[in-house]
Structure formats: C-alpha cells, structure tokens
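These are my notebook entries on a structure that I opened today. I record what I looked up, entry by entry.

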Amino acid sequence: MNAATPDAGVATAPASWPIRLEHVTVTYPNGTTALRDVSLEIAAGEMVSIVGLSGSGKSTLIRTINGLVPATSGTVTVGPHTVTGLRGRRLRRLRGHIGMIFQGFNLAERVDVYRNVLVGRFAHSPTIRTLTGIPTAHDRELALRTLDSVGMLDKLWARAGALSGGQKQRVAIARALAQEPSVMLADEPVASLDPPTAHAVMHELERINAEQGLTVLVNLHLMDLARQYTTRMIGIRAGEIVHDGPANEATDADFERIYGRSIQPHDRLGTAT
Amino acid sequence: MTLRLTAREAGLELPRHPSRVGPTIATVVVGALVVLSAADLDIDWAELGAIPGELARYAGLMFAPPSWEKLPRALFEMWRSISMAWLGAMLCVVLSIPLGMLAARNVAPAWIRLPLRGLFAVIRAVPEVIIALVLLTVTGLTPFTGALALGIAGIGTQGKWVYETIESAHEGSAEAVRAAGGGIAEVTRWALWPASAPALMSFALYRFEINIRTSAVLGLVGAGGIGSMLSNYTNFRQWDTVGMLLIVVVVITMIIDAISGALRRRIREGAKARGLGRTP
Amino acid sequence: MPQGAPPRPRTWWRTSLIVLAVAAFTVATCIPAIGGVELDFAAIAKNWRFGAEKIGQLMQPDWTFLPRTIEPMLETLQMALVSAVAAAIVSIPLTLWAARPTNPNGVTRRLVRGVINVIRAVPDLVYATVLVAVIGVGALPGLFTLFLFNLGIVVKLVSEAIDSADHAYLEAGRAAGGTQTQLNRLTALPQSMPLYANQWLYALELNVRVSAILGIVGAGGIGRLLDERRGFYAYDDVGLIILEILVVVIVIEVASNLLRRRLV
C-alpha cells in the first residue's frame, strides 16, 4: 500500500466532528429493543471501537449515527447537526459528510471500481451529473486520489466483483473517503477477512485517523483488534453500554463481562503481518 | 478544500480503460438494423400521429359505457376458457415432467436427451393454432380440442423449463446420493426431484396463467370460449359488448394471476427457506 | 419410533386438502353445463389416424413455395425486432418503478404494477384483433401488439427478479447520501442488466413465434400467408412455413443463448 504524503495525496479533510448520543433507545417494529437508553460522547478525532457479540446492538448503534436506523427516542448529534428527526434532502446532505464501510463491502459487483468510488460523491454532485454519468472534474480527482491513497488505483477499471475481500474493503474505504467526510463509520469491516488482510484494513483506518484527524468509529467483535488499533473501547451487551475506557487498558476480564461469557479462541484474531 | 490538479500534473498513473470498441460496434449494428427494419415495414409513419385519437374514440365506444347485457353468456364462455386452460395445463405438466427429466444432462445420455430436446424445439416453434388444426381432424372443433392443443403445445416450453431446472439443481445432494451407491433413478427421486419440485410446481402454475391467455387465442380461431365471443362481436363491430368482454377477460385473468402469483410466492419463499436456490 | 425422537410433523392434512381442492377444480372444469370441457377420449381412439395423416402431410413441405414466403417472413422478423427494441427501452424505467428495492414509494409502485398487470391480462391476439379493427390491416397493429406484449412480460419478470435479488450495495449508496434516482441509475441499473438482457432476448424469441400468428387476424407477417394456405388446404405449403418458423426460432434461440453467456 502506498502511503501518500499529506499535501500531494488525499486532500486534508474538513474539520472532523464529534458524535453524541443522548438517551437513545431503538425499538424495531417487531418489538425487539436493540438499544436501551444509550448515552455516549465521542470527541472529534478519536478512534473508538465498539465491541460486542452479534445481536448486542452495535450494528443498530452505528446506524443511528447516520440515520439508517431511526432512533425511537433520544437524540443523536453529529458535529453541529442533529440526526434524529432529519428527513429527505437534509438527511442526505448530512450523510454526505459521514462515510461508512460495511462487513459485506456493499459494492456494486458488476460495476467498475471507479464508478463504485464515485458513489461517494452522490450527495455532493448535482443530480444532472449523476444521471448522465459524467462526473465533475473535482469528483473525478477525488475518486482517483482516494483510490490511490488506498493503493487500488491500478484496479480502476476492474469490476468490483473480481476483487478479493481485502481489495473490496479498500475500495469501500476509498468510496467513503471520496465523500470528504467528517466522520468515518465502520460496521464490522474485517469480519469477513482473513487475519493478515484484517490487519491491513484496520491499519488503513488507523492511518486515516492519524493523518487526517478523522473521527473513526469501528464495530468489532474481536478483542485483540480493538486493543491494537483503537484508543478507546466501548463495550456493548444486550443494548446497553457495559464498558468504556482506554483500549490498551482493557483486560480479559473486561471482555468476559462484555461478551457475557468466558473468552474462547475464536475471539482472538491471530497473528498480524 | 478543493483540488485543482489534473491527474497528469499530480503524477497519478491511470490504467487504460478496457476497450470499448466491441460494445460500440454492437450497438451501432443493432441500431442500424432497427432503423432499417422500421423503414422497410409497410407502415405509413405519417399516420402514426392520428392513432392516439382513433384509439381514444374506440375506447369511448367500448367503455363509455360497456354493455352488460351479454354478461351471463360471457361468464359461461370464460369458464369454458378457464377449463381449457386448466386441463391443458394438467396434461402439459404431466407429460413434460418425465420427458423434461429425460432431457436433462444429469439424468439421461445424449442419445435420449438430444432427440427430446429437438422435439421440444419443434413443438415450441409450431404455433398452437396449427396444433389445434391437426387435432381438429381427430376431436372436432370443440373445447376439448382446445384443451388438448394447449396441453401439447405447452410441452415445448414447459419441457425446456423442466430440464433447465433439473440441470441447475445443486450438485451437492446428487453427489451424496451417488456416493451412497445410488443409480440414476435414485439420484433423480431423492436428490434432483426434491430440489427441483418447488420450481417445477411454480412453473406448472405459470403454465396455467399462460394458458388462460392462449385459450382466448384458440377461441378466436374457433375452439370456443371467450375468444370466439370476442371475435364475433368485434367482427359485428358491437363495441359496447366488446368493451364488456375485454373487462371480463382482464378482471378474471388478473384475479387468476393474483392467486397464482401468491401461491408461487409462497412456494418460492418455502424453497428459499430450505436453501433451494432460484425458483421462478 | 426410537425413544426421544421428535414426533413426525403432521402436514398430511394440508397436503390432502390441496389435492382435494385441485381434484374438485378439475371436476368442475369438465362439466359442460356450466361451461366446462366435455372430455371425448372416444374420438381420439376413433380418429387418431386423421391426425397422423395430417402430420404426415405437414412433414412433406413444398420447397417450390419458398420464394413466396421470404417477404412475409422478413416482415415478421422486422416487426419482432422493432417492437422488442422499443419495448426494451420503455421497460427500463417502468421496471425500476415496479420493483421494491428501486422504488420504495408504495403508491407509484402499485400503480405501475397495476397498469402492467392489466396490460398482461389481455392476450396477444385479442390486442391484434381489436387493433386491426381500429387501425386497419397491416404491420402497425402487429407492432403495437408485440410492443405491449413484450412490455408486460419484461416489466413483470424483471421487476420480480429485482425484488428477489440482494441489493446490499444500495445501503452503501444511501449511507453516502444518495437519492433513489442516483442509486438506481448508477448502481441498481448496471447490477440488474443481466436480468434485463435475459428477458429482452426471451421477448425477442417469443415475438418471432407470436408474430407468426398475428397475421391470422391480419396484423402482418407470415401468419397471413399461413392462414391463406390453410384455407386452401395446401398443407404442404403450411408445412414449409412451419419449418421456416422453426428454423428462425432455433437460430434466435442459439444466438440468444450465446449472447446470454457473454453478457453475464
């Protein structure tokens, strides 16, 4: 992977934003309560991991931040904007400032890498441009630069479906970076990747946080990744926060409390490169 | 913060775009064919503009208001068409499933498979009216002939769908049966059939939906049913009755489509839950 | 059953209910008094020879008739192509409006689906018959008929395929702040292209078969010649025409199979 120098590589990001949840509860239409009265504050520029088992509520939590899941009660604030209650164009505009990557990469497999990255410019370019498929010069630059910064420029015209998992996730990171976001959300970004690739992707997120000062929030279910790459760790279990502290001070006992059971071998990732 | 550098200035090395020549040529060729075909057709393109007005006028004659006088007879004839469709579908399904299975690559050897596939292709190419024509000499100009025609004509497409479904059945279960020592019959009965059954049932219902329409067509050429009524009243230009007949056909076809569609959706969901892959 | 084994699920009553319903429906379709079909197996036993004889006549095509079939056949192919392409173009936005992932707005979606269902509910030859009476004999009613016929099939089948496919990439597009139109145009549409291409080719195949018949009611194409020859009991000519249709259909089928493999 090429590490771009700050001034000739990726544009320095707009000011990164803090995230705040106040007494947020999320109950789905089928009755399950995924989050119970969750409050937390993340400062701008922090790299935070949210650790918990599947079903603990971390997917729901991260999605309340960009409104993919509406909060049933409580307030979610990102930077100067209140997310809860936003709809339509205002919500889309806000989402344009929040980058997100997913466990399943969520790329359009039949579409080339270039156009997949341009998806990140949806909220920032006029509709006529996206409808005709001709991006502005600015959008084009951004797409190329972010791809270069994650080392995937040589795959510019490859179909997204032809890439490996690690490559897809890097393209997804480029897509998110192309938004010039103020916050980066990552929902289990490495759960589908093998250990060396997982470390590479986590390292990429760490680099973005360090070089651009971008606020990064990562959902993880593996303890050693949280300890190694993030500065603050929040543990969630059954929709409630059960732990919040510096990541490198987290003990195995803390993890057992978060998981609600004793630690097993598959909770650790394995050797890094 | 905006970037003003072009890629060249910033020294980014862009890979070349894969050649667009092929698809462009193909599009131009198809486009040219279409334009030439349209021009060659014996159509007065200038008259095209007057068409919407004419259609609107006739729509008025048909539907404002339609004549409900002959409704009982229309319903009687509609049931006749539905009956032809149903019996035809049953006949078609009963014949096409075994024949289709024998035409599948994973069931039968080439010397059985290829003639069967050829037979399907021939039947597919022959219009139903011709099949009805041949059957006419055997069973006369009756709805029974219509049902038989639908049954036989459908084998062409239905058989193709059957062997395509069987061939795309997941290899895993067939391998398991073979590993346990099963021959082709066992593989078919215990691996291919359960995997394909939801799709085949779905196709059978779809065949019924198609037949409803085709039976109206056969009616137009004399086999009875709502089609013959439509043909008569159109020829006599009694538009208000034609309007009523169209409404009857549309409403009843849509009801049957809805019921059949709901059934097929349930079958598809059941298949999905059991992990059986694509079902129509 | 061995001890501790769970009891066998009792679905036999549901299966027998289905079988009963099917049987009852079938019986109802065989009652001539309410409009059912009168089964006449005796006629088959008695007259099957006539059918076999007719088939024999059809299988001896009259090759000298070939030149007269070329122009009508060409008209059939042209109608098939032009209407397939026109319907393909119109089907793109209509399909996206009719499918859930690409059109979350329930009202417009149901409206489009409703219109398409009405269009599909009218059999092809019925359109042709009525349109011939309205517009007059020729290729134009045939074009319209095939256009509507194709549209109904393509929109219905492709929108159903879109509904049942996975569209995880849409979540990423939404998270980036895209509108539904942007998502559709730049991600959903390219992703769905194989589904479209599949059905467009299928529609083209169907068109050739159907347009052969449309001529019977005067909507252009080789059907008119077919009906005329049938009227003169010239079954050798009819056989030749059927053979031609067969050849054309097989060629298109093979070509579309090749194309399908390349496009996916």
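**Entry 1: a serine in chain C.** I first asked whether Ser211(C) is buried or exposed. The model is a predicted one, and in it Ser211(C) has 30 C-beta neighbours inside 10 Å. I therefore entered Ser211(C) as buried, since 20 or more such neighbours are required for that label. I located Ser211(C) in helix α8 of chain C. I then listed its contacts, leaving aside neighbours within four places in sequence: Thr76(C), Met79(C), Ala80(C), Gly142(C), Leu146(C) and Gly221(C). I also looked up its separation from Thr15(C), which is 196 residues in sequence and 42 Å in space, C-alpha to C-alpha.

**Entry 2: the domains of chain C.** I noted two domains in chain C, domain 1 covering 12-56 and domain 2 covering 63-263. Between the C-alpha centres of these two domains I recorded 32 Å.

**Entry 3: where chain C touches chain B.** How many residues does each chain bring to the contact? I found 50 residues from chain C and 57 residues from chain B. On the side of chain C, several helices supply at least two residues each, among them α1 (12-28), α3 (66-98), α8 (180-214) and α10 (235-263). I asked which helix gives the largest share of that side. The answer is α2(C), with eight residues. By type, I recorded the residues of this side of chain C as 34 nonpolar, 10 polar and six charged.

**Entry 4: the nonpolar core.** I turned to the largest nonpolar core, which holds 231 residues. The members that touch the most other members are Val117(A), Leu147(A), Leu217(A), Ile131(B), Ala132(B) and Leu245(B). I followed up one of these, Ile131(B). Beyond its neighbours within four places in sequence, Ile131(B) is in contact with Val126(B), Ala149(B), Ile152(B) and Ala153(B).

**Entry 5: antiparallel strands in chain A.** I traced β1 (residues 19-27) of chain A and found that it pairs with β4 (residues 73-78) of chain A in the antiparallel sense, over five bridges. Within this pairing, I saw Arg20(A) opposite Thr77(A) in β4(A). β4(A) is also joined to β5 (residues 81-82) of chain A by two bridges, again running antiparallel. There, Thr77(A) has Thr82(A) as its bridge partner. I noted that β4(A) and β5(A) form a hairpin with two residues between the strands, and that Gly79(A) takes a positive phi near 60 degrees in it.

**Entry 6: the six-stranded sheet of chain A.** I wrote down the strand order of this open sheet as β6-β7-β8-β3-β9-β10, with mixed pairing. Why do β6 (98-101) and β10 (240-246) of chain A each have one side without a neighbour in the sheet? Both stand at the edges and have a single partner strand each, so one side of each is left free of a neighbour in the sheet. On average, neighbouring strands are turned by 15 degrees against each other, direction ignored.

I next examined β7 (residues 183-187) and β8 (residues 215-220) of chain A, which run parallel and are joined by five bridges. Ala186(A) has Val218(A) as its bridge partner in β8(A). Helix α6 (residues 165-178) of chain A packs on the sheet and touches β6 and β7, its direction making about 170 degrees with that of β6(A). Helix α7 (residues 195-212) of chain A lies across β3 (47-51), β7 and β8, and I recorded about 160 degrees between α7 and β8(A).

Key. Residues numbered from 1 in each chain as written. Chains lettered and ligands numbered in written order. Predicted model: local features only at pLDDT ≥ 70, side-chain atom pairs only at ≥ 80, totals over all residues. Contact = placed C-beta atoms within 7 Å. Helix = DSSP H or I, 4+ residues; strand = E, 2+ residues; numbered from the N terminus. Nonpolar A, V, L, I, M, F, W, Y, C, P; charged D, E, K, R; others polar. Core = buried A, V, L, I, M, F, W, Y, C linked by C-beta atoms within 7 Å. Buried ≥ 20, exposed ≤ 12 C-beta atoms within 10 Å, placed from the backbone. Domains from an automatic or database assignment. Pairing = 2+ DSSP bridges. Axes fitted to C-alpha atoms, helices over the stretch in contact; angles between N-to-C directions.
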